[in-house]
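Me: I have a structure to look at and would like to ask some short questions about it. Could you go through it with me?

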Amino acid sequence: MPVFAANLTMMFNEWAFLDRFDAAADAGFTAVEYLFPYEAPPEAIAERLARNNLQQALFNLPPGDWAAGERGIAALPGRFDALKADVERALDYAAATSVKRLHLMAGIADPDDQDASSSYRRSVTYAAERLAEKGIDLLLEPINGRNMPGYFLSDFGAAERLIAESGLPNLKLQFDIYHRQIIHGDVVMALRRLLSITGHIQIASVPSRNEPDGEELNYPYLFGEIDRLGYGGFIGCEYIPRGHTLDGLGWFKPFARS
């Protein structure tokens, strides 16, 4: 049976950030994820996880200046020293939360630019090797250009090739089904082919990015296929509730912790 992680950046926004851990556990989740933890002290997050018997599935390394439009700095030339500092900052939170997967955002850059490509590969290699020292996987997520125009990594094939070429055993694919459907489609065949390099799966309806209970994708079938393939990781619920979070959890009832 899939283990679902509530995304506390998008879900349970009716509560303050730290209170979302309590709300997710009360709703039956056994794991959580979010984009960034860095505005809360790591000790406070660790306390909420322990209090609610929650696992930390995933979070992102620092993304640069989000308010200024940065969406990661890994592919930005001249930012390598900042990236190294960001890795250490993320590791502080990883130590507190016992997370075993961190996602590295690539940034807004042209994938055909050689300097950007070289910077990205250098950043990925450094981050993966540093995280390996702590027993943590580094994840790469292709993001569709409709939601994030100009994002450097917007192709699953490019991510697959980089993972293969790197030879780094802890470098994995973050398979967001929502992004896959928008970029390429052919979700089931891609899951079958890429599951061996997949470290995390995320879900949302397409095209609206709401609860996984309708629109283009048949999620009950996909959940069954993911089980059949033997996936043992988390499935992150990275969707925007249509209304109140609790009102949209009908799809989740068969999977909730009692």
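Me: Which residues does Glu238 touch, not counting residues up to four places away in sequence?
Reply: In this predicted model, Glu238 touches Asn7, Met10, Glu33, Leu35, Glu141, Asp176, Gln202, Ile203, Ala204 and Arg209. Contact here means heavy atoms within 4.5 Å.

Me: What joins the side chains of Glu238 and Arg209?
Reply: A polar contact of 3.0 Å joins them. Such a contact is a pair of N or O atoms within 3.5 Å; within protein, one must be able to donate a hydrogen and the other to accept it, and residues adjacent in sequence count only if both atoms are side-chain atoms.

Me: Is Glu238 buried or exposed?
Reply: Glu238 counts as buried, at 6% relative accessibility. Buried means under 20% relative accessible area, exposed over 50%, and partly exposed in between, with a 1.4 Å probe and protein chains only.

Me: How are the numbers and values set up?
Reply: Residues are numbered from 1 along each chain as its sequence is written. Local features need pLDDT of at least 70, side-chain atom pairs count only at pLDDT 80 or more, totals for chains, interfaces and linings use all residues, and side-chain values use heavy atoms, with hydrogens and water left out.

Me: Where does UniProt place the feature "active site"?
Reply: The unreviewed UniProt entry places it at Glu141 and Glu238; such annotations may be inferred rather than shown by experiment. The two span 98 residues in sequence, yet their C-alpha atoms are no more than 12.9 Å apart, so they gather at one spot.

Me: And Glu141, buried or exposed?
Reply: Glu141 counts as buried, at 4% relative accessibility. Among the residues that Glu141 touches are His103, Tyr151 and Glu238.

Me: New topic: how many aromatic pairs are there?
Reply: The count comes to 22. Rings of Phe, Tyr and Trp (its six-membered ring) pair if their centres lie within 6.5 Å; planes under 30 degrees apart count as stacked, over 60 as edge-to-face and the rest as tilted.
Reply: Phe223 and Phe255 form an edge-to-face pair, 5.7 Å centre to centre with 85 degrees between the planes.

Me: Which of these two is buried, and which is partly exposed?
Reply: Phe223 counts as buried at 6% relative accessibility, whereas Phe255 is partly exposed with a relative accessible area of 22%.

Me: What about Tyr239 and Trp251?
Reply: They form an edge-to-face pair, 6.1 Å centre to centre with 75 degrees between the planes. Both residues are buried.
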